Amino acid sequence: MKKTFIGVTALSIMLFTAALGSAHTAQPSTGATSTSVVQKEEIMHVYGPGGPLGPMKELAERFSKETKLKVEVTAGPEANWINQAQMDADVVFGGSEYMLQEMVSKYPELIDEKTRTTLYPRAAGILVRKGNPKKIEGIKDLTKPGMKIIDVNGAGQLGLWEDLAGRQGLIPGIQSNIAISVKSSAEAVALWKNSNQLDAWITYESWHYRLVEETDLVQLPEAEKLYRGTPIAIAKTTDNKKTAQQFVEYLKTEEAHQVFQKWGWK
């Protein structure tokens, strides 16, 4: 009698376990499917300074639409993105040749120098207040007493004003009128928007196209213009080298060149 009871009990447990397993298998999908079913969307990450963000972002969107390969552009002061870039960058660009070279020196494991190429040059100019109330027509006007100039001492603009002023022997006059010097264009933009006491910013013409509501552009005569490049390279650690190269080649097309020109590049 005792053996029969044990046998029945064991059989009951087996049947209950089987039923529980069947019920679990029959449960509807809740979306928490296995990783083998859900495929992660491939995203190509592009990093660089804020100056070329306008054309880079527009072209990334066009490239993504045409190829169905998503490109995400992150731009601004280097300190804001460099840590993440060292982990997942596919492409890195600079605001000038020396700027990218600095990144090569500081982060030797980030940029594949063999893939480095130069896109389009952009010229320096003078941004002034809307309506140009100080009647600034050229570099010489910035030496007038009382003129207040903002200087970006970095971010692709290191020495920009000095190179322009030096051609005309105007370095002392410009230097004496620099009201404030900052390290990044982002800081310069914030100061420009928040203080109408600043009269001029010697920078790239392209910044005017990012600040059309806050600035007028004084273009320099072609003989006085100073140009700097826009370099780009593939990251050493990318897993998307083929796609990265495809994007870089796209940036070298005439279609891409026209977009850069729209944003103030030559």
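A salt bridge is counted here where a side-chain nitrogen of Lys or Arg lies within 4 Å of a carboxyl oxygen of Asp or Glu. The exercises below apply this and related criteria to a predicted model.

**Exercise 1. Salt bridges**

Task: State how many salt bridges a search of the whole structure finds, and determine which residue Arg62 pairs with in helix H2.

Solution.
Step 1. The search of the whole structure yields 13 salt bridges.
Step 2. Arg62 forms one of these with Glu58, and the closest N and O atoms are 3.1 Å apart. This distance falls under the criterion because the cut-off is 4 Å.
Step 3. Both residues belong to helix H2 (residues 53–67), where 4 residues, about one turn of the helix, separate them.
Step 4. Arg62 has a relative accessible area of 32% and is therefore partly exposed, whereas Glu58, at 15%, is buried.

Task: Classify Lys144 and Asp141 as buried, partly exposed or exposed, and identify the network that contains Glu58 and Arg62.

Solution.
Step 1. Lys144 and Asp141 are joined through their side chains by a salt bridge of 3.5 Å, N to O.
Step 2. The relative accessible area of Lys144 is 39%, so Lys144 is partly exposed; that of Asp141 is 15%, so Asp141 is buried.
Step 3. Glu58, Arg62, Glu255 and Lys262 are linked into one network by salt bridges that share partners.

**Exercise 2. Contacts of Lys130**

Task: Explain why the salt bridge of Lys130 and Asp216 ties together parts that are apart in sequence, and find how far Lys130 is from Glu213 in space.

Solution.
Step 1. Lys130 and Asp216 form a salt bridge in which the closest N and O atoms are 3.3 Å apart.
Step 2. Lys130 lies in the loop between S5 and S6, while Asp216 lies in strand S9, so the pair ties together parts that are 86 residues apart in sequence.
Step 3. Lys130 is partly exposed, with a relative accessible area of 44%, and Asp216 is partly exposed at 22%.
Step 4. Glu213 is located in the loop between helix H8 (206–210) and strand S9 (216–218). Its relative accessible area of 64% makes Glu213 exposed.
Step 5. Although 83 residues separate Glu213 and Lys130 in sequence, their C-alpha atoms are 7.7 Å apart in space.

**Exercise 3. The setting of strand S8**

Task: Decide whether strand S8 (residues 200–204) is enclosed or open, and give the sense in which S5 and S6 each pair with S8.

Solution.
Step 1. In S8, 5 of the 5 residues are buried, so the strand is largely enclosed by the rest of the structure.
Step 2. Strand S5 (residues 122–128) runs antiparallel to S8, and 5 bridges join the two. Ala124 has Tyr204 of S8 as its bridge partner.
Step 3. Strand S6 (residues 149–152) pairs with S8 in the parallel sense over 2 bridges. Here Ile149 stands opposite Ala200 of S8.

**Exercise 4. Packing of H2 and H9**

Task: Describe how H2 packs with helix H9 (residues 241–251).

Solution.
Step 1. Two packed helices are described by the angle between their axes and the distance between the axes.
Step 2. For H2 and H9, the angle is about 120 degrees and the axes are 11 Å apart. H2 is therefore oblique to H9.
Step 3. The crossing of H2 and H9 is right-handed.
Step 4. From H2, the contact includes Met56, Leu59, Ala60 and Phe63. Among the contributors from H9 are Thr243, Gln246, Phe247 and Tyr250.
Step 5. Arg62 also takes part in this contact, in addition to its salt bridge with Glu58.

Notes. Residues numbered from 1 in each chain as written. Predicted model: local features only at pLDDT ≥ 70, side-chain atom pairs only at ≥ 80, totals over all residues. Heavy atoms only, no water. Buried < 20%, exposed > 50% of the residue type's maximum accessible area, 1.4 Å probe, protein only. Pairing = 2+ DSSP bridges. Axes fitted to C-alpha atoms, helices over the stretch in contact; angles between N-to-C directions. Parallel < 35°, antiparallel > 145°, perpendicular 65-115°, else oblique. Left-handed = near helix turned anticlockwise from the far one by under 90°. Contact = heavy atoms within 4.5 Å.
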